[in-house]
Amino acid sequence: MLKTTAVAATFCAVAGAGIVGYGETTAQAAQAQAQDQDQAQSASSTAARHGHGYGHGDGHSFSGTKKIRVGGYSVNVSCSGRSAGRKPVVVLMAGGDDGLDTMAGLQKTLSEKARVCSYDRLGEGESDQPQGTQTIDDSSRILTGVLDRVTGDRPVVLAGHSLGGLIAARYAPDHRDRVKGLVLMDATIPALTAGVSKAIPDSATGMAAELRDQTIAVNEGQNPEKFIIADAEVRSAGNIPVQIIRHESQYAEVPDYGPALEEMWAEGQEQWRTLSGRSRISVAAGSGHYIHVDRPDIAVKAIQRVTAQATAHS
């Protein structure tokens, strides 16, 4: 992410992540990451002792954290827990500039009752760097490869935060045979470039102008994943259960344009409702952009509810 001044760097940590999902995590998220490091290391040791092959089609091929080969790349994945019958595997997708470790606390809680996996996208965490610019098609191919290896032929519920939510929402319509539910935690909105350009006009100066220019640059691929975050219409993913959760407050650091940015974000979250006739939207009270950190109880309940609904209709 472009950090042209100390002020801009601070601002991006607070507000920029709320717009595009790139930038430093909140202090609370950083603390959660530190607490989860021991868990991740323990999981890795378990994988080394107990991990075995793939391709059995049952979604239970290993537990712990390990590297797998997908499309010629090394991709870091973590799986835990078990599921019975045709209960979907929950796949957690972190935001931009975040690795799977930011989902470790959520994964630990969810895996008490379900099979849960997460992964580092190319350019993030412990996965390989992409060879060039990535589009949604490139990211989708990696996700398909990961699902093939860690979930087998089992149905999945994708639960994504920020950019991870956008990727999940773009992926589901083309993979209805596999994706049986979605949970979008303050997902990057469908038309972010147009939205931020409208909310912060060319006449803006100072921090607001930096935020607008920074967001557009990130969307054009200047981010760790070299991922182009393109504006696009929302396509239907069928009649699957979809839970959309948005933050309560995120833009207090931009007093002149904060209300416009909040309106932009709320309208963008509403647009995701067209993913399914069974979409629901809610506001996570007391939460900023990192809903699964600020209000993990809400995130857990939403994912468990969507998983139960997907299981009932499988």
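Select Gly221, the glycine that follows helix H7. Its phi is positive, near 115°. The model on display is a predicted one.

Next, extend the selection to H7 itself, residues 206-219. At 1.5 Å a residue, the 14 residues of H7 should span 20 Å, and the end C-alpha atoms are indeed 20 Å apart, so expectation and model agree. Colour the buried residues of this helix: Ala208, Ala209, Leu211, Arg212, Gln214, Thr215, Ala217, Val218 and Asn219.

**From H7 to H6**

Keep H7 visible and add helix H6, residues 192-199. How far apart are the axes of H6 and H7, and at what angle do the two helices pack? The axes are 10 Å apart, and the angle is about 170°. The two helices are therefore roughly antiparallel to each other. To see where they touch, show the side chains of Leu192, Thr193, Val196 and Ser197 on H6, together with Arg212, Thr215, Ile216 and Asn219 on H7. Sorted by class, this contact comprises three nonpolar, four polar and one charged residues.

**From H6 to H8**

Hide H7 and bring in helix H8, residues 258-271. The axes of H6 and H8 come within 9 Å and cross at roughly 155°. This angle makes H6 roughly antiparallel to H8. The crossing of H6 with H8 is right-handed. Select Leu192, Gly195, Val196 and Ala199 in H6, which meet Ala260, Leu261, Met264 and Trp265 in H8. Here the residues divide into seven nonpolar, one polar and no charged.

While H8 is displayed, centre the view on Glu262, which lies in this helix. Which residues does Glu262 contact, apart from its neighbours within four places in sequence? They are His247, Ser249, Gln250 and Tyr251. For one of these, Gln250, the C-alpha atom is separated from that of Glu262 by 7.6 Å, although the two residues are twelve residues apart along the chain.

**Helix H4 and its surroundings**

Move to helix H4, residues 136-150. Its 15 residues should span 21 Å at 1.5 Å a residue, and the end C-alpha atoms are 21 Å apart, which agrees. Highlight Ser139, Ser140, Ile142, Leu143, Gly145, Val146, Leu147 and Val150, which are buried. Then display what the buried residues of H4 pack against: strands E1 (64-70), E2 (73-80), E3 (89-93), E4 (116-119) and E5 (156-161), and helix H5 (163-171). H4 is followed by Gly152, whose phi is positive, near 60°.

**Two aspartates with positive phi**

Select Asp97, in the loop between E3 and helix H3 (104-110). Its phi is positive, about 65°, although Asp97 is not a glycine. Asp97 is partly exposed, with a relative accessible area of 35%.

Then go to Asp186, in the loop between strand E6 (179-185) and H6. This residue is likewise other than glycine, and its phi is a positive value near 50°. Is Asp186 buried or exposed? With a relative accessibility of 0%, Asp186 counts as buried.

**The whole chain**

Finally, show the entire protein, whose secondary structure comes to ten helices and eight strands. Of its 314 residues, 56% count as buried. Among contacts between residues at least 6 apart in sequence, 76% join residues at least 24 apart.

Notes
Residues numbered from 1 in each chain as written. Predicted model: local features only at pLDDT ≥ 70, side-chain atom pairs only at ≥ 80, totals over all residues. Heavy atoms only, no water. Helix = DSSP H or I, 4+ residues; strand = E, 2+ residues; numbered from the N terminus. Expected span 1.5 Å × (residues − 1). Buried < 20%, exposed > 50% of the residue type's maximum accessible area, 1.4 Å probe, protein only. Contact = heavy atoms within 4.5 Å. Axes fitted to C-alpha atoms, helices over the stretch in contact; angles between N-to-C directions. Parallel < 35°, antiparallel > 145°, perpendicular 65-115°, else oblique. Nonpolar A, V, L, I, M, F, W, Y, C, P; charged D, E, K, R; others polar. Left-handed = near helix turned anticlockwise from the far one by under 90°.
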